[in-house]
Amino acid sequence: MRPKKHKTTGSNDLFRARLDQIINMKHELVLLAGKVDWDWIDGEIAPLYSENGRPGIETRFMIGLLLLKHIYGLSDEEVCERWVHDPYFQFFTGEEFFQHTFPHERSDLSHWRKRLGDKLELLLAESLRVAHEAGALRKRVTVDTTVQPKAITFPTDAKLLHAAIKGLNRLAIRHGVRLRQSYARIAKAAAMMAGRYAHAKQFRRHQRQLRILRSRLGRIIRDIRRKIEGQPALEQAFALPLGRATQIRSQQQRQRGWKLYSFHAPEVECIGKGKASAPYEFGVKASIVTNNRRAPGGLFVLHASALPDNPYDGHTLRDVIDRTETLTGCPIERAYVDKGYRGHDAQNPRRVFISGQKRGVFGVIKRELRRRSAIEPIIGHLKAEGHLGRCYLKGRAGDAANVVLSAVGHNFRRILAWLRYLLCLFLAQLWRTLARPASINPAS
């Protein structure tokens, strides 16, 4: 086990406010904190720590902070700010006394996300365990994919060329490489005019501005390569940015094959989902698995993962079902999918039913297949109330972490709503019992 900080109680604690004396101990966050197995999570994360150095931050504090962020759809800065003035947040993260300042740095959340990596699925498994223990979960699954958009603007040739020029200039200034000319003002004016000409449908003038941007970007690339030649440290620092800039300069609007859609986020993919409002979305494909039949606590996310390189949906079904069974510990009896999964590679294809299918669909299966579309509002909740609607984390690791944590946040929101509902039922029953008039015994 990793070394832990020893909690000490000083004489000043006598005059501090204990959280259990100033909060409602029947609040849903308090009840949820009692149901989460913090010791099990700590034991699973312990191998990620080293025996050397100073003790790390308490597991419950950082995991609790990540859960609160995705339960309430907050940013890293907002959850740290709200933690200071919300005693329920502090109790959920394991504090004993009310704290008036945030005890750590905001960047610790980023470090923990990188450290956890694949271990984030432990939080999803724990959310399902808590839901099952609270009686809020039943199973037969529906599988679907969606797009998790990245935090980039709509890519156009002019924007990409301008971004590459600015990025190479910033990197040159950082490493002390003096360029012959930066072309900053020329590139800014050309990018602005390219957008105006395209809007006015003056495409010859638009292409002229693009040629200006391409030629200036080529001059900067050649100038940097001349200046850093024979310097291994600088060549290594400029290798990736120069490769991206060269790709952006050479690619065309309607070319086939791989394209670069963002200078700072090269992992972004262009995915067409056939929607009228957004024919193309820029991000990464994500797979979502939910229970088909509505459980007492609602529909829970049983598995969530990012699917880089935009694979065909049918080629991912086998792996998604296997990982769902591993995560939940129960075999999948039946899976319901849409027509995008035709030609799938599931291990037991007879237990996979596609929308619109007629053969073998009758009775319970027919009713459950009609509920396949119930996964769509769940994806909507993940995007509107969680962070699936726009990913601000860096790289493919950030994409994968954001998908899993968005699913964890949705599950815990459902559990909180279920605990709140149970508390209301208990209070209503208690009120009826107290309000019932006492029976009057007849005189003998």
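**Close-up views of two backbone sites and two cysteines**

**View 1. Cys330, a partly exposed cysteine in a predicted model.** Cys330 has a relative accessibility of 32% and therefore counts as partly exposed, since the class in between runs from the buried limit of 20% to the exposed limit of 50%. The structure shown here, as in the views that follow, is a predicted model.

**View 2. Cys391, a buried cysteine without a disulfide partner.** The relative accessible area of Cys391 is 1%, so this residue is buried. The cysteine sulfur closest to that of Cys391 belongs to Cys270 and lies 17 Å away, which is too far for a bond, because a disulfide requires a pair of cysteine sulfur atoms within 2.5 Å. When this rule is applied, the count of disulfides comes to 0.

**View 3. Tyr183, a buried residue with positive phi.** Although Tyr183 is not a glycine, its phi is positive, at about 60 degrees. Tyr183 is placed in the loop that lies between helix H9 (157-174) and helix H10 (184-199), and with a relative accessible area of 5% this tyrosine is buried.

**View 4. Asn310, a partly exposed residue with positive phi.** Asn310, which is likewise not a glycine, has a positive phi of about 50 degrees. The loop that holds Asn310 runs between strand E4 (301-307) and helix H13 (317-328), and the relative accessible area of Asn310 is 32%, so the residue is classed as partly exposed.

Technical notes:
Residues are numbered from 1 along each chain as its sequence is written. This is a predicted model: local features need pLDDT of at least 70, side-chain atom pairs count only at pLDDT 80 or more; totals for chains, interfaces and linings use all residues. Side-chain values use heavy atoms; hydrogens and water are left out. Helices (H or I, at least four residues) and strands (E, at least two) are DSSP runs, numbered from the N terminus. Buried means under 20% relative accessible area, exposed over 50%, partly exposed in between (1.4 Å probe, protein chains only).
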